[in-house]
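Welcome, and please have your viewer ready. We will go from strand to strand and then step into a pocket.

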Amino acid sequence: MKYRVVIATLLIIILLTGSALAAKPIIKADRTYFDVATGLYVLNGNVYIEVGSRIIKANQAKVDLSSLEVWANGGVSVTQGDIYFTGDSVYVYGSQKLAQISGGVNFSRTGVDITADSVDYNWQQKVAVFSGNVSVKQGDNCWTADRVNYHVLNNVFF
């Protein structure tokens, strides 16, 4: 009986460790260091952060691994599948599954191009809310607005 309990406990530990490692982000940069005072990883030069299927690239970033928050600026791009955002800066709330991109935002995917001052993208709900000087090109149709909501999964504006 003790043998079964030990085996079951080891199996649970292995499964939990495996799932924890699967969620671990990949972080690369030319220069990295851990700032003890803030508890943040500071990244400079050719920043690359991959969490699941999302990739963030930038010139500089700070990352809080405990909350999965990312502050990045300079040549920012955020990619997930065929979804591609660019802008000057991004703030990612990992726990809320939300990325806020600002500063000359460009969004592109097959058949759709959008420019705006900023966008809030919720990758769980697959909704992007573009704000400020929004310009949309979808196929042969072009239009402008102050604010546009776009459901990425269903490829519809609402």
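Strands here are DSSP runs of E with at least two residues, and helices are runs of H or I with at least four, numbered from the N terminus; two strands pair if DSSP finds at least two bridges between them. This is a predicted model, in which local features need pLDDT of at least 70, side-chain atom pairs count only at pLDDT 80 or more, and totals for chains, interfaces and linings use all residues. Residues are numbered from 1 along each chain as its sequence is written, and side-chain values use heavy atoms, without hydrogens and water.

Start by selecting residues 69–80 (β5) and 83–93 (β6): these strands are antiparallel partners, with 10 bridges. Their hairpin has 2 residues between the strands, and Gly81 in the turn shows a positive phi of about 60°.

Next, add residues 98–109, strand β7, which runs antiparallel to β6 and is joined to it by 8 bridges. This hairpin has 4 residues between its strands, with Lys97 in the turn at a positive phi of about 55°. Now click on Phe85 in β6: Val78 is opposite, and so is Phe107 in β7.

Finally, show the largest pocket, with about 270 Å³ of space. Which residues are closest to its centre? Select Val51, Arg54, Leu68, Val92 and Trp123, out of 23 that line the pocket. β3 (40–51), β4 (54–64), β5 and β6 each give two or more residues to this lining. Colour the lining by class and you will find 18 nonpolar, 3 polar and 2 charged residues.

A pocket is an open set of points on a 1 Å grid over the protein atoms alone, where a 1.4 Å probe fits, with protein on both sides within 12 Å along at least five of seven lines; lining residues have an atom within 4 Å of a point. Points are joined across faces, edges and corners, and the volume is the space filled by probe spheres set on them. Ala, Val, Leu, Ile, Met, Phe, Trp, Tyr, Cys and Pro count as nonpolar, Asp, Glu, Lys and Arg as charged, and the others, Gly among them, as polar.
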